[in-house]
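Thank you all for making the time this morning. I would like to walk through one structure with you, beginning with the sheet and ending with the ligand shells.

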Amino acid sequence: FAPLTLGRAPAFVLSAGGFEWEDPSEAFDQGVENPFKSEVLVGSDEKIKSSAGRLLGPRLNGSNVYFVGIMGSGKSAVGDILARRMGTYNFLDTDEIIERATGMTIPEIFKAEGEEGFRTVEAQVLDSVHPYVRCIISTGGGIVIKLENWSKLQTGLVVWLDCEPEVIMRRIEGTDRPLLQTDNPLQKLKDLLAEREDKYSQADIRIKVTEDMDTEHVADLAIRELHNFIDENPPAWKLAKSKAQAEGLDWVK
Ligand SMILES: Nc1ncnc2c1ncn2[C@@H]1O[C@H](COP(=O)(O)OP(=O)(O)OP(=O)(O)O)[C@@H](O)[C@H]1O
Ligand SMILES: O=C(O)C1=C[C@@H](O)[C@@H](O)[C@H](O)C1
């Protein structure tokens with residue numbers, strides 16, 4: 001078999017099970033380490049923090065990051081900051097795409113088509129955006145309700161912004177979110193959280209957002225936790241390589 005090439009001449013050729021292919025570390029490992037744990041990157045905490053966002057893109061290798069959580073938890077505000085800090089990722093917001101695609105506001109869609117109609121469009125939008133790469137995607141608070149949406153979210157890394165309803169209420173009181181047009185919006189938020197909590201908690205990363213944390217601070221935490229998640233969940237080839245090396249076996253011929 002001719003070695004598989006990934007757009008350029010292979011530097012190393014692996015041979016396993018009768019097949020030969022290029023060492024995937026050549027294509028995927030860009031030598032970028034977790035800046036919070038790196039011995040190469042030295043400097044003040046502030047300096048490391050400022051480069052941490054920029055260094056996340058190469059380590060994510062194109063994988064999307066999805067923010068989930070109850071409405072008002074900061075998914076759009078924090079997602080936008082994260083994409084700007086990374087520099088190489090785009091920011092998308094499923095609620096905003098729905099409004100642009102339908103030419104209607106979310107309250108108008110709820111009024112005309114009901115919640116079920118909104119959920120159908122929301123699933124269609126997620127279906128069309130999830131094949132893109134290098135995106136930070138803020139999702140609608142109810143995206144986790146439909147099981148079919150989970151398989152799409154799990155093509156990327158999922159971050160739950162876990163924020164108390166009381167804190168959220170103080171931020172979004174008086175806005176036109178359709179599900180909160182009740183006599184007791186705080187109770188409604190609590191009920192929604194109780195219904196969805198077991199779904200949100202399936203996220204890869206959970207960030208506890210408290211009242212004293214501004215959006216920049218939450219973005220800092222998201223960056224740190226994403227770097228840590230990548231360390232703790234290395235791709236299969238990386239595990240195989242270190243296992244082979246530990247056992248003194250040939251990995252690269
Ligand atoms: N950590 C924070 N500190 C202060 N204000 C915040 C914080 N997070 C979000 N906000 C503010 O709260 C409001 C709601 O935030 P945002 O729209 O980002 O939430 P969301 O999770 O995207 O909501 P939805 O699901 O309804 O789209 C915005 O005005 C935002 O600026
Ligand atoms: O929690 C929800 O169900 C919603 C959250 C918003 O982001 C919007 O998607 C819409 O208002 C519904």
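Before I name any pairs, let me fix the term: two strands pair if DSSP finds at least two bridges between them. The strands themselves (E, at least two residues), like the helices (H or I, at least four), are DSSP runs, numbered from the N terminus. What you see is a predicted model, in which local features need pLDDT of at least 70 and side-chain atom pairs count only at pLDDT 80 or more, while totals for chains, interfaces and linings use all residues. Residues are numbered from 1 along each chain as its sequence is written, and chains are lettered from A and ligands numbered from 1 in the order in which they are written.

The protein has 10 helices and 7 strands, and 5 strands come together as an open sheet with parallel pairing, in the order S4-S5-S3-S6-S7. Strand S4, residues 90-93, and strand S7, residues 205-209, form the edges, each of them pairing on one side only. From one strand to the next the twist averages 20°, where axes are lines fitted to C-alpha atoms, for helices over the stretch in contact, and angles run from 0 to 180 degrees between N-to-C directions.

Let me go across the sheet in that order. S4 and S5 are joined in the parallel sense by 4 bridges, and Phe-91 has Ile-136 in S5 as its bridge partner. Strand S3, residues 65-68, is linked to strand S5, residues 135-138, by 3 bridges, again running parallel; here Val-65 stands opposite Ile-136, and Phe-67 stands opposite Ser-138. On the way to S6, S3 contributes to a parallel pairing over 4 bridges, with Tyr-66 opposite Val-158. S6 and S7 then pair, also parallel, over 5 bridges, and Cys-163 has Val-209 in S7 as its partner. As a general reminder, side chains in a regular strand alternate between the two faces of the sheet.

Which helix packs on this sheet and touches S3, S4, S5 and S6? That is helix H3, residues 75-86, whose direction makes about 170° with that of S5; contact here means that the C-beta atoms of two residues, placed from the backbone, lie within 7 Å.

Now to burial, where a residue is buried if 20 or more other C-beta atoms lie within 10 Å of its own, exposed if 12 or fewer, and partly exposed in between. By that criterion 27% of the 253 residues of the protein are buried. S6 has 5 of its 7 residues buried, so this strand is largely enclosed by the rest of the structure.

Ile-136, which we met in S5, counts as buried because 27 C-beta neighbours lie inside 10 Å. Leaving out residues up to four places away in sequence, Ile-136 touches Val-65, Gly-79, Leu-82, Ala-83, Tyr-89 and Phe-91; Gly-79 is 57 residues away along the chain, yet the two C-alpha atoms are separated by 6.1 Å.

The largest nonpolar core, meaning a set of buried Ala, Val, Leu, Ile, Met, Phe, Trp, Tyr and Cys residues joined through C-beta atoms within 7 Å, has 42 residues, and those with the most contacts inside it include Tyr-66, Val-68 and Leu-161.

In the loop between S3 and H3 we find Gly-72, which is buried because 23 other C-beta atoms lie within 10 Å. Apart from neighbours within four places in sequence, Gly-72 is in contact with Ile-168, Arg-171 and Ile-172.

Finally, the ligands. Ligand 1 is surrounded by 20 residues, the closest being Met-71, Gly-74, Lys-75, Ser-76 and Ala-77, where a residue counts if its C-beta atom, placed from the backbone, lies within 6 Å. H3, helix H7 (165-172) and helix H9 (215-232) each give two or more residues to this shell, and H3 gives the most, with 3. The shell divides into 6 nonpolar, 9 polar and 5 charged residues, taking Ala, Val, Leu, Ile, Met, Phe, Trp, Tyr, Cys and Pro as nonpolar, Asp, Glu, Lys and Arg as charged, and the others, Gly among them, as polar. Around ligand 2 we find, among others, Met-71, Asp-95, Arg-177 and Leu-192, and that shell has 5 nonpolar, 3 polar and 2 charged residues.
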